[in-house]
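The following note is offered to a colleague who meets this structure for the first time. Please read each point with the sequence and the model in view.

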Amino acid sequence: MTDKIALVPATHTTPPARFSHGVRKGNILQVAGQVGFLPAEEGKPPTPAGPTLREQTLQTLANVKAVLEEGGSGWDDAMMIRVYLTDTGHFAEMNEIYDQYFEEQGLTAPPAARTTVYVGLPAGLLVEIDVLAVLG
Amino acid sequence: MTDKIALVPATHTTPPARFSHGVRKGNILQVAGQVGFLPAEEGKPPTPAGPTLREQTLQTLANVKAVLEEGGSGWDDAMMIRVYLTDTGHFAEMNEIYDQYFEEQGLTAPPAARTTVYVGLPAGLLVEIDVLAVLG
Amino acid sequence: MTDKIALVPATHTTPPARFSHGVRKGNILQVAGQVGFLPAEEGKPPTPAGPTLREQTLQTLANVKAVLEEGGSGWDDAMMIRVYLTDTGHFAEMNEIYDQYFEEQGLTAPPAARTTVYVGLPAGLLVEIDVLAVLG
């Protein structure tokens, strides 16, 4: 029996329901849908890093990374990155931000697979990302 | 070679295409997108449990659970729960139903990760849920 | 340490960002969201197989299959097939195309699980599909 472990970075906002920001069981790690919320502040509601796609995408990626690292993992283990945008007009800009971010991460494994679709998100949020990782 | 096994609860409606309500291979179990259809009745088309978000969410969760159990698993093994809603205005109510449901399940493992996005669904359906589980 | 391998069929168009059409690590294989683009032609932008749901769905399934095969896998290993459509009115026709396609594949394992939701996609694209596979 392998333990299922909740991955809860200390700086993350409390989930709005009974779910974990991430879970790991054996070599499988799943990051829940992350959005561009800044680190939690006591007594303040979750607050996006800013109104722009750039601010929110970079904060979202940082939030995903924190969950991966909480599980002893990192971007090199990512198998699937699901990107949810609200507007097809954001695709080119998101790709630019995405590519620059991952270039800066200095990864050694090949990039993860990805699916990008356009959905509704809560008001003010422009991007949500979740990740499936397999540890080495 | 590990066998891939179809998980088809006896009470489930027949899928509208060539897919399985769930599959298990080794310790990986995937539940297909479940909706709030009542148990199948011979000669009747699939029928939602009711028009409300509450009725449909609870039936959907019951349908997911039946597939997990058909595979010798359960909610404690769930790694990722994907919730598809049609209306951002349903988020708070769904969370309330979700939390109450899982509280009643008396789980011992930490809660699964989750992503909730807002999409289109067939007319009359307000919620769809699929689940990835890793058996212990 | 298991290697993570990028799966890049020679005929596929270059991804629009730093992601892989597929990755495999150990017995887990993830295919990125595929659309109905024809095989790449030097100096030409990615071009859909045609404007119809049938043309795009069949090309998309062929593109997914190429990635699976690049990883030493195939449809029999598919656990979860995620189908993204843009219009609920396409559900019946997609199911017909899907069923006929898989009938012709002559699979021996039970069909994969599936979730179909309705989202926005880039202009001109009617369907996108990604797949999680577990090798035997």
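Leaving aside neighbours within four places in sequence, with which residues is I81(B) in contact? The points below take up this question in the course of a general review.

1. Status of the model. The structure is a predicted model, and the remarks that follow should be read accordingly.

2. Elements of chain A. Two helices and six strands make up the regular elements of chain A. Their order from the N terminus is β-β-β-α-β-α-β-β.

3. Overall form of chain A. A compact globule of 136 residues would have a radius of gyration near 14 Å, and the 15 Å of chain A agrees with this. The C-alpha trace of chain A spans about 45 × 40 × 25 Å along its principal axes.

4. Burial and contacts within chain A. Of the 136 residues in chain A, 54% count as buried. Among contacts in chain A with a separation of 6 or more, 71% join residues 24 or more positions apart. The area that chain A exposes is about 5500 Å², of which carbon and sulfur atoms supply 52%.

5. The nonpolar cores. In soluble globular proteins, nonpolar side chains tend to be buried together. Here the largest nonpolar core holds 108 residues, and the members that touch the most others are W75(A), I81(A), W75(B), I81(B), W75(C) and I81(C). Another core, of 18 residues, lies apart from it and includes L121(A), V35(B), V119(B) and L125(C).

6. The surroundings of I81(B). To answer the opening question, I81(B) is in contact with W75(B), Y98(B), F102(B), A112(B), A113(B), R114(B), T115(B), I129(B), D130(B) and V131(B), once neighbours within four places in sequence are left aside.

7. A residue of helix α1 in chain A. Is L61(A) buried or exposed? L61(A), which lies in helix α1 (residues 53-70) of chain A, has a relative accessible area of 0% and is therefore buried, the cut-off being under 20%. Apart from neighbours within four places in sequence, L61(A) is in contact with W75(A), Y101(A), F102(A) and I129(A). Between the C-alpha atoms of L61(A) and Q34(A) the separation is 8.0 Å, although their positions lie 27 residues apart along the chain as a sequence offset.

8. Helix α1 of chain C. This helix (residues 53-70) has 18 residues and reaches 26 Å from its first C-alpha to its last, close to the 26 Å expected at 1.5 Å a residue. Its buried residues include L53(C), T57(C), L61(C), V64(C) and L68(C). An α-helix has 3.6 residues a turn, so residues three or four places apart point the same way. The buried residues of α1(C) pack against β2 (22-25), β3 (28-34), β4 (78-85), α2 (91-105) and β6 (127-134) of chain C. Just after α1(C), G72(C) takes a positive phi of about 75°.

9. Relation of the chains. Chain B can be laid on chain C by a turn of 120° and a shift of 0.0 Å along the axis, with an RMSD of 0.0 Å. That is the relation of a three-fold axis. In chain B, V119(B) is the residue that comes closest to the rotation axis, with its C-alpha at 3.2 Å. A rotation of 120° with 0.0 Å of shift along its axis also superposes chain B on chain A, at an RMSD of 0.0 Å.

10. Surfaces used by the copies. Only 13% of the interface residues of chain B are also interface residues in chain A, so these copies meet through different surfaces.

Conventions. Residues are numbered from 1 along each chain as its sequence is written. Chains are lettered from A and ligands numbered from 1 in the order in which they are written. This is a predicted model: local features need pLDDT of at least 70, side-chain atom pairs count only at pLDDT 80 or more; totals for chains, interfaces and linings use all residues. Side-chain values use heavy atoms; hydrogens and water are left out. Helices (H or I, at least four residues) and strands (E, at least two) are DSSP runs, numbered from the N terminus. The expected span of a helix is 1.5 Å times one less than its number of residues. Buried means under 20% relative accessible area, exposed over 50%, partly exposed in between (1.4 Å probe, protein chains only). Contact means heavy atoms within 4.5 Å. Copies are superposed by least squares on the C-alpha atoms of residues with pLDDT of at least 70 in both. The radius of gyration is taken over C-alpha atoms; the globule rule is 2.2 Å times the number of residues to the power 0.38. Accessible areas come from the Shrake-Rupley method with a 1.4 Å probe; for residues, only the protein chains shown count as cover. A nonpolar core is a set of buried Ala, Val, Leu, Ile, Met, Phe, Trp, Tyr and Cys residues joined through side-chain atoms within 4.5 Å.
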